[in-house]
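Thanks for coming. I will go through one model today, piece by piece, and you can follow along on the screen.

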Amino acid sequence: MLIGTLKQGPIPKHVAFEMDGNRRFAKNHQIETVEGHHLGFEALARVLEICYKCGVKVVTVYAFSIENFNRPRHEVKGLMTMAKVKLEQLVQHGELLDRYGAGIRVSGERDLIPDDVLPFVDRAIEMTKHNKDAILNICFPYTSRAEMTSAIKATVDEYAMPSRPPNPPFSQSRITQKIRSNQSKNSDLPSIREASPDDAAKSDDVDDSVSSTTALDPDSPPLPSTPSRSANFKNPETITAETINSHMYTAEFPPLDIFIRTSGVMRLSDFMLWQCHENTHIFFLDCLWPEFDLGNFVPVLLEWQWRQKKLMEKDGAARK
Amino acid sequence: MSFSARDTKAYRDDEQSGHRKLGVQQREELVKNYLPAAPNRARSNSRNRKDTGHFGLRKFLKSQLYVFLYFFVHAVFSIYLRIRVAYRVVANQILSILKYHHNTPDYIRRDVSTLSRLPRHVSVILTLEEGGRGVDVLEKLINEVTEVAAWCASAGIPRLSIYEKTGILKKYMPQTHRALSRKLKTWFARHQGPVLSLSTRGETAIQTPSRDHFAQDQQTLEVILISEDDGREAMVDLTRVLAEMAQKGRISASDITLDVIDNELAEAVMPEPNLLISFEPYVDLQGYPPWQIRLTEIYCSPDNQGVGYQVFLRALRKYAQATFKLGK
């Protein structure tokens, strides 16, 4: 009922949760830490249900930070086992997931996932790859700085690869050679003289087309000094925020609308730094994650809708 | 909506027994009641009004009810928000009258003396007011900058970075510097004032020459101006440089590590701030540098509008209470 009501307004496309407070909850209720995490998982299930009923496209959750490996070993182990079991169960319910178009993505450092969990992760991703209606993006061994580093690295990699001319499989020298050999077969020398300036012009062409783009930039050195080797690279000046963004884990998702952190801590703690830098509404809630429920989430949504409306009014006024 | 007690219990029992109790089938039975309607039905709610008949009419009424409820809820919520805003404004006003700093560093020093720790680096987000163009707006902004700088100097915070989206202050560095020194001079007596330096990425810092060279323990205040260009754009620039170096074969992509980037951004733009204060009614980073904000404590006084000493002080208090555990 309430959700049907909320649906009448704008709905965020991408929501991120930092699930903080499981251990404090466990401590307050005098239960085991791992038990707290289990309750946290239940809260996550609740939240996911609400989100997808509302029509949120992507939910990103911070499940495990790279820094979390510093925690007591049995806790890390408990968390890993939990991840394994949950993913295993999920895989068993593949058909249900398909029916709702639910997809799982895992963002993070793959190398750091323990070997016994990795196959389950891979299978879950593989099975739900085609589902795009409701995506759960799990950040698992993740820190935002590591993500940004790898994105920068990938960008550099992309630009450090010599980019081939548009038709890579065909080699110009081979073609000219072939022509030459054909010509030499057909007749004797005369036409070769004609062919060679031709082929020189061709190779000039290649150089020109690439270096002319560099020549357009006032900063870049004048033409003669650019060695022909670097002409094969993409111009680094063409790197933009978009380029880096395309190497982020979240590249395929819509921009982040709401960021929620529970347990009253007012930090981002290395989560979604790149993504939430603009137009993201950040909420810090006082409740601990296992307590997080509809009652906490609806005010957030309402406030977001309200602000969205205000912004739209402002935009409308500005346009007039 | 929420799970029934019986099902929750069944789930937890299964959890405890190491997931041996329930088979795949049983588990599917368990969740079945909570799953939304299958997508083909779910998608055709309110929009699909074409099919007439009893069912269509009911759907239509239902969606009308939802629309009505939506506006109703929003109306109520809007009233609630307005009351909240009004209440907080009044409370703020009263507090600021009671605890006015009277432009004297001593009052501020007394205010912060009870705090268990102070941030080494404070960052504030200031906004250039829209609409009113020209000198007035800029003057107001510079005035806010000087105010905040004076508070920081009094509280003994050595580094202050000021984020302003458009970067207009960067064009008026000398003017800003002059205004800052004037302000500090009026707040502090001539010789007690901190040594001021104003810097921004890619420009040489403007330093106030230290007047008495013998004063070793003299406080310093480093003000850094940052703008949208220092956020994602700076990282893009860095990537460009790295890409160029990689192309020339001087580095390989595997040499690029977190430390390298961190070091470079900290040197070129600024190190990580400890505390970020936003004077806006809600947290919106407006393009604030993403790399640096990792562990920054973010303080934003809800529904607050405008720069005020109360917000500053509360942010410092909040910072003193916060605990840092870095993933542990």
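In what order do the seven strands of the open sheet in chain B lie? The order is 4-3-5-2-1-6-7, and the pairing is mixed. Strand 4 (206-207) and strand 7 (297-300) of chain B are at the edges with a single partner strand each, so one side of each has no neighbour in the sheet. Before going further, please keep in mind that this is a predicted model.

Let me stay at one of those edges. Strand 3 of chain B, residues 195-200, pairs with strand 4 of chain B in the antiparallel sense, over two bridges. One residue pair to look for there is B:Leu198, whose bridge partner in strand 4 of chain B is B:Ile206. As background, strands of a sheet pair through backbone hydrogen bonds, either parallel or antiparallel.

The loop between strand 3 and strand 4 of chain B holds B:Arg201, and helix 9 of chain B (residues 232-247) holds B:Asp237; this pair links parts of the chain 36 residues apart. The two form a salt bridge, with the closest N and O atoms 3.5 Å apart. B:Asp237 counts as partly exposed, at 27% relative accessibility, and B:Arg201 also counts as partly exposed, at 28%. Another salt bridge in chain B joins the side chains of B:Glu244 and B:Lys248, at 3.7 Å from N to O. B:Glu244 has a relative accessible area of 34%, which makes this residue partly exposed.

As for the whole of chain B, there are eleven helices and seven strands. Of its 328 residues, 45% count as buried.

Now chain A. This chain has eleven helices and six strands, and 49% of its 320 residues count as buried. Take the contacts in chain A with a separation of 6 or more: 79% of them come from residues 24 or more positions apart.

Which strands of chain A pair with strand 5? Strand 1 (residues 14-18) pairs with strand 5 in the parallel sense over four bridges. Strand 6 (residues 281-284) and strand 5 also pair in the parallel sense over four bridges. A:Ile260 is a useful residue to find on the screen. A:Ile260 is the bridge partner of A:Phe17, and A:Ile260 also stands opposite A:Phe283 in strand 6 of chain A. In addition, A:Phe259 stands opposite A:Ile282 in strand 6.

Next, the side chains. In a regular strand they alternate between the two faces of the sheet. Strand 5 of chain A, residues 258-261, is covered on both faces: A:Ile258 and A:Ile260 on one side, A:Phe259 and A:Arg261 on the other, are all buried. In strand 6 of chain A, A:His281 and A:Phe283 point one way, A:Ile282 and A:Phe284 point the other way, and all are buried.

Chain A has a salt bridge to show as well. The side chains of A:Glu75 and A:Arg23 meet at 3.5 Å, N to O. A:Glu75 lies in helix 4 (residues 73-92) and A:Arg23 in helix 2 (residues 22-28) of chain A, so the pair ties together parts that are 52 residues apart in sequence. Is each partner buried or exposed, or in between? A:Glu75 is at 2% relative accessibility and counts as buried, whereas A:Arg23 is at 22% and counts as partly exposed. The cut-off for buried is under 20%.

That leaves the interface. How many residues of each chain are in contact with the other chain? The counts are 81 residues of chain A and 80 residues of chain B. The area buried between the chains is about 7,200 Å², and carbon and sulfur atoms give 60% of that area. A:Arg145, A:Arg267 and A:His277 supply 11% of the area that chain A buries against chain B, more than any other three residues.

Five salt bridges are found across this interface. A:Arg145 turns up again here, in a salt bridge with B:Asp262 whose closest N and O atoms are 3.3 Å apart. Both belong to a network of salt bridges that also links A:Asp270, B:Glu272 and B:Arg294. The side of chain A that touches chain B has 32 nonpolar, 21 polar and 28 charged residues.

One last residue is B:Thr296, in the loop between strand 6 (275-278) and strand 7 of chain B. B:Thr296 is at 0% relative accessibility and counts as buried. The residues that B:Thr296 touches come from both chains, including A:Met266, A:Arg267, B:Glu272 and B:Pro273.

Technical notes
Residues are numbered from 1 along each chain as its sequence is written. Chains are lettered from A and ligands numbered from 1 in the order in which they are written. This is a predicted model: local features need pLDDT of at least 70, side-chain atom pairs count only at pLDDT 80 or more; totals for chains, interfaces and linings use all residues. Side-chain values use heavy atoms; hydrogens and water are left out. Contact means heavy atoms within 4.5 Å. Buried area is the accessible area (1.4 Å probe) that two parts lose on being put together, summed over both. A salt bridge is a side-chain nitrogen of Lys or Arg within 4 Å of a carboxyl oxygen of Asp or Glu. Ala, Val, Leu, Ile, Met, Phe, Trp, Tyr, Cys and Pro count as nonpolar, Asp, Glu, Lys and Arg as charged, and the others, Gly among them, as polar. Two strands pair if DSSP finds at least two bridges between them. Buried means under 20% relative accessible area, exposed over 50%, partly exposed in between (1.4 Å probe, protein chains only). Lists of a residue's contacts leave out its neighbours within four places in sequence.
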